[in-house]
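Hi,

Here is the structure I promised to pass on. Have a look at it first, and then read my notes underneath.

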Amino acid sequence: MTRRTIAALAGVLGGGLAGILAGAMAGGLALLGTGAAWAQTKSAADGIAEYRKMLEDGNPADLFEARGEALWKRARGPKNATLERCDLGKGPGVVKGAFVELPRFFADTQRVQDLESRLVTCMETLQGFDGAAIARTPFGRDEQNNVTALATWVAAESRGLRFNLPTGNAEERRFYELGKRAFFFRGGPYDFSCASCHGEEGKRIRMQDLPLLTKNPGDGVGFAAWPAYRVSNGQMWSMQLRLNDCFRQQRFPFPGFGSDVTIALGSYMGVNAKGAQSIAPAIKR
Amino acid sequence: MADPMRIRAQMQGDKAVVRVLMSHEMETGQRRDAAGRLVPAWFIQDVTVSLNGKAVLTVEWGPAIAKNPFLQLNVKGAKVGDKITVLWKDNKNDTRTDEATVS
Amino acid sequence: METQFVTSRLRPTLAAAAACAVLAGCATLPPPAELDRQAAAMIKASFRDEGIAKVDRIQQDLGQAACSSEQPPSDEVADRIMQEARAGVKWPSGGVYLGDWREGERLAQNGRGMTWTDPSTAATANGGNCYNCHKISEEEISHGTLGPSLWNYGKNRGITGLDSPTAQPIFEYTWMKLYNSKSYNACSNMPRFGHFGLLNETQLRHLMALLLDPRSPVNR
């Protein structure tokens, strides 16, 4: 796609002059080629940084945020109830600040849970949905779309806050340890682990910088940057989907939605990111 | 009916900066689905932005505009409390109107 | 995850470890070996088959298991991994090491294959994924940095022609590296292209040519 700047003349009917500067910019503009000619005018890294800056305004994640907020407050499901009594770890109905403390241990389920598995728990207990059926539903379909929208809104309610996952409970500490082991687990026909890409500072795959996830990689990076809207495919990606696609690229088999390995990895990354500022929901290439 | 637009209109000096995020698939008509069939074209063709009921910007879009389009414009002569209305119409004659107040 | 309720009748150490593992509120973590076992069980239970990606893929061989922690394996284990890797290398038929560097560049650019959205596990369906991690030619700026630069690979090793005196040992070394990267580095990050049948002999020859043919753009 090429960038098209539309200069529009205003049809003004009385009531003062309106000077117009209209730049029509949609997510998904590809401004860069990778040929040598382009590289001579500005470096590829500079070009990509400029592209990312242009994308920051008008993040389509806003649309998912709005949908998620509406879903939280709408009576739905067999029990015809809202999610407004859902406990995301800070008490029933407390949404602000919940995102930056997940995953965490929940006494009612006796499990460490991440945001999405906890949302499904609430959809099940408060609204009467079938949690296992939602977990089996592919991303981008039916109730999974609603889980994504809800996760986007809950994350937005913690925008700017710093990650501070609780580790006081032994299960939380155990899941951190299990997550660490999963992070370094080499497997599949490519011998990849998470650490293969995210185990060293300053590396990149093709032109995509790879954060080091064995420690805090910084504000708005790694764990602190998801959920995010991906411009390249116009999709809203939650952490569950991000991990799912990581495993696909690692040539692993399919990780179950909300499975222990995904939650444990969230614990590992989330605890390591302690103090990092969340920018979720973010925008990505 | 499509999802609501997100419209922000904020005064900056003597002009209102209006930012609009529209929810739309914007299919070019050239993409193929998993089965190899062409996905039919479906995109916003006309957008009108009005200030207190009077059109200040009309836009004609084509398939080059990507999914969930973002439009930003400056409106001189607007003031706090004014009403900004955005209307779009797509190639299936679907239409959506949303409004916001300049703050 | 199963829940177990432990009574005081159970034998102390193992039971305490198991109890602490599943009950909330215990002050201590299970010992590392127990955590290793739990992690392995968790990984086994968390994945399912999808498309061509089956769960048997994550049964680890020695080379994978020994490299799955922050600590490298002992020298003894590392040596064993490398020896087994070298022993399993299949040499190209007729001793022909090089193919067509143009095909090699195509393969190096191709990142497809072996994921659950790919249609088949046949080597001919796979790319080499090389640019994901390596700089190779000067023209391609969209390259990764997970692996070392391969720019001037053949030139730097004195390969000016196919009958250069240094050619044969370098050809053998490079072939072994591509076929099974653990031949020289027990915990190499690079996939074992020949060993797992990711690329066939013809494809490997094309990659060899990309790296070693003096006419390849890599060696200008």
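Helix 5 of chain C covers residues 101–109, and both Arg106(C) and Glu103(C) sit in it, three residues apart, or about one turn of the helix. Their side chains form a salt bridge, with the closest N and O atoms 2.9 Å apart. Arg106(C) counts as exposed, because its relative accessibility is 52% and the cut-off for exposed is over 50%. Glu103(C), at 30%, counts as partly exposed. Keep in mind that this is a predicted model.

Salt bridges can also link up by sharing partners: Glu65(A), Arg159(A) and Arg6(B) are joined into one network that way. Over all chains, the count comes to 34 salt bridges. In general, side chains of opposite charge can pair when their charged atoms come close.

Here are two more pairs, both from chain A. Glu177(A) and Arg181(A) meet in a salt bridge of 3.0 Å, N to O. These two residues are in helix 7 of chain A, and because they are four residues apart there, about one helical turn separates them. Are Glu177(A) and Arg181(A) buried or exposed? Both are buried, so each has under 20% relative accessible area.

Asp219(A) and Arg162(A) also have side chains that meet in a salt bridge, at 3.1 Å from N to O. Which parts of chain A does this pair tie together? Asp219(A) is in the loop between strand 5 (208–210) and strand 6 (228–230), while Arg162(A) is in the loop between helix 6 (142–156) and helix 7 (170–183), so the pair connects parts 57 residues apart in sequence. Asp219(A) is partly exposed, with a relative accessible area of 42%, and Arg162(A) is partly exposed too, at 43%.

Now for a sheet in chain B. Four strands make up an open sheet there, in the order 4-3-6-7 and with antiparallel pairing. Which strands are at its edges? They are strand 4 (54–60) and strand 7 (95–101) of chain B, each of which pairs on one side only. From one strand to the next, the twist averages 15 degrees.

Within that sheet, try finding strand 3 (residues 44–51) and strand 6 (residues 83–90) of chain B, which pair in the antiparallel sense over seven bridges. To line them up, start from Ile44(B), which stands opposite Asp90(B) in strand 6 of chain B. As a general point, strands of a sheet pair through backbone hydrogen bonds, either parallel or antiparallel.

Cheers

Definitions and conventions
Residues are numbered from 1 along each chain as its sequence is written. Chains are lettered from A and ligands numbered from 1 in the order in which they are written. This is a predicted model: local features need pLDDT of at least 70, side-chain atom pairs count only at pLDDT 80 or more; totals for chains, interfaces and linings use all residues. Side-chain values use heavy atoms; hydrogens and water are left out. Two strands pair if DSSP finds at least two bridges between them. Axes are lines fitted to C-alpha atoms, for helices over the stretch in contact, and angles run from 0 to 180 degrees between N-to-C directions. A salt bridge is a side-chain nitrogen of Lys or Arg within 4 Å of a carboxyl oxygen of Asp or Glu. Buried means under 20% relative accessible area, exposed over 50%, partly exposed in between (1.4 Å probe, protein chains only).
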